[in-house]
Protein chains: 2
Amino acid sequence: MDAQNETQPVGPQEKHDGAPHSKLSLRLWLRMLSCVMVIEKQVRRQLIDQFGTTLPRFDLMAALERRPDGMVMSELSKSLMVSSGNVTSVVDRLIEDGHVSRTTAANDRRSIIVKLTAKGRREFNRMAEAHEAWFDKLFGDLSDYEIERLLIRLGDVRTAVDKRLPEIDAMGDSA
Amino acid sequence: MDAQNETQPVGPQEKHDGAPHSKLSLRLWLRMLSCVMVIEKQVRRQLIDQFGTTLPRFDLMAALERRPDGMVMSELSKSLMVSSGNVTSVVDRLIEDGHVSRTTAANDRRSIIVKLTAKGRREFNRMAEAHEAWFDKLFGDLSDYEIERLLIRLGDVRTAVDKRLPEIDAMGDSA
DNA sequence: CTTGGACATTTTAAGCTTCAACTAAGGGCA
DNA sequence: TGCCCTTAGTTGAAGCTTAAAATGTCCAAG
């Protein structure tokens with residue numbers, strides 16, 4: 001994740017050095033990316049500074065928060081869209097923090113059930129409250145209407161992208 | 001990263017400094033994030049599969065491509081918005097690839113000038129062409145008008161966020 | 001000239017991430 | 001029962017990332 005170089009000029013117009021009408025798709029991508037990157041950087045910093053944790057750990061706890069009975073590693077892996085090896089290491093650290101527990105499933109001894117501890121749940125609630133407040137602050141200058149418009153348009157983008165995503169792989173095959 | 005709990009019942013409207021509550025902000029963030037993540041994952045995969053490189057290396061080459069005379073490390077660091085130590089390691093690998101050169105500045109021996117090699121420029125042009133085509137494909141179902149609308153709206157978001165960004169840091173101090 | 005602060009970069013430690021190789025357990029089937 | 005294939009997780013190597021410490025250079029005030 002990298003914020004390309006279109007991060008500075010964001011205003012109504014930006015420098016296109018000679019190609020005003022082309023590259024619209026690329027410009028949309030760079031703008032989406034720069035918005036997300038600048039916010040995500042701030043979120044990571046706040047999580048470290050205010051709560052001494054990281055975004056991956058927060059995300060994992062968020063996934064567990066809605067599952068009082070816990071989740072197995074493979075569910076976490078799929079839910080967070082990261083590799084299983086990744087989940088292993090993040091869970092390792094959450095256990096060091098005392099935020100989650102790891103127990104072997106009774107019926108299938110291959111499976112590991114990860115669950116939020118009482119401390120983990122308490123801590124997550126504290127973080128989630130702040131987390132939500134950050135976005136209320138960041139988007140505070142946008143009206144509800146604007147946000148809803150954007151939600152819809154980005155939903156359309158996501159739909160369009162999901163549909164086209166598989167075609168990208170095929171593009172390189174011939175080249 | 002996904003939906004949060006509801007620790008904050010928060011009244012319908014509690015605009016303090018222009019902050020509408022109700023999780024709309026959070027939903028916008030999660031939607032922006034999911035759009036960017038799914039695309040970025042695909043871009044990284046394509047860069048590896050088709051060109052044997054990574055997004056950070058591509059980004060660095062993209063920055064150099066518009067600067068025929070090269071850039072010093074600190075310029076790269078600022079332009080890419082990453083730490084200077086990070087630039088060092090990515091440049092190391094680009095040199096192994098033969099894509100960039102590293103020379104000491106004549107006037108200031110502390111500075112290192114990084115420049116695209118002929119091979120690097122050739123390779124970058126190949127990649128940039130594919131890179132642009134991926135987005136034309138991904139956003140192919142959106143009209144130019146839709147894309148332009150989105151560019152404007154996201155520009156507004158970026159402006160709003162940039163303005164509020166510094167306030168986030170202060171939020172934790174009192175808590 | 002020397003000293004000290006500022007600046008440019010590298011190095012190191014720690015964490016996230018992926019992939020590939022590996023261990024372990026389940027389940028089918030002869 | 002014994003063999004094989006699948007599934008669940010872990011481990012290790014490589015790369016990106018940051019912050020903090022270490023190097024080396026510049027420059028200006030004595």
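In this predicted model, 22 residues lie around DNA strand C, and those that come nearest are A:Pro56, A:Gly85, B:Met73, B:Ser74 and B:Gly85. Both protein chains supply elements to this surface: two or more residues come from each of α2 (55-65) and α4 of chain A, and likewise from α3 and α4 of chain B. The element that gives the most to the surface near DNA strand C is α4(A), with five residues. By class, this surface holds ten polar, six nonpolar and six charged residues.

The other DNA strand, D, may be considered in the same way. Around DNA strand D there are 23 residues, of which A:Val72, A:Ser74, A:Gly85, B:Pro56 and B:Gly85 come nearest. Here the elements that give two or more residues are α3 (73-80) and α4 (84-96) of chain A, along with α2 (55-65) and α4 (84-97) of chain B. With five residues, α4(B) provides the largest share of the surface near DNA strand D. The residues of this surface comprise seven charged, ten polar and six nonpolar.

Attention may now turn to the two protein chains. How many residues does each chain bring to the contact? Chain A brings 66 residues and chain B brings 70 residues. On the side of chain B that touches chain A, the elements that give two or more residues are α1 (24-51), α2, α3 (73-80), α5 (118-138) and α6 (144-174) of chain B. Among these elements, α6(B) makes the largest contribution, 20 residues. This side of chain B consists of 35 nonpolar, 19 charged and 16 polar residues.

Technical notes:
Residues numbered from 1 in each chain as written. Chains lettered and ligands numbered in written order. Predicted model: local features only at pLDDT ≥ 70, side-chain atom pairs only at ≥ 80, totals over all residues. Near = placed C-beta within 6 Å. Helix = DSSP H or I, 4+ residues; strand = E, 2+ residues; numbered from the N terminus. Nonpolar A, V, L, I, M, F, W, Y, C, P; charged D, E, K, R; others polar. Contact = placed C-beta atoms within 7 Å.
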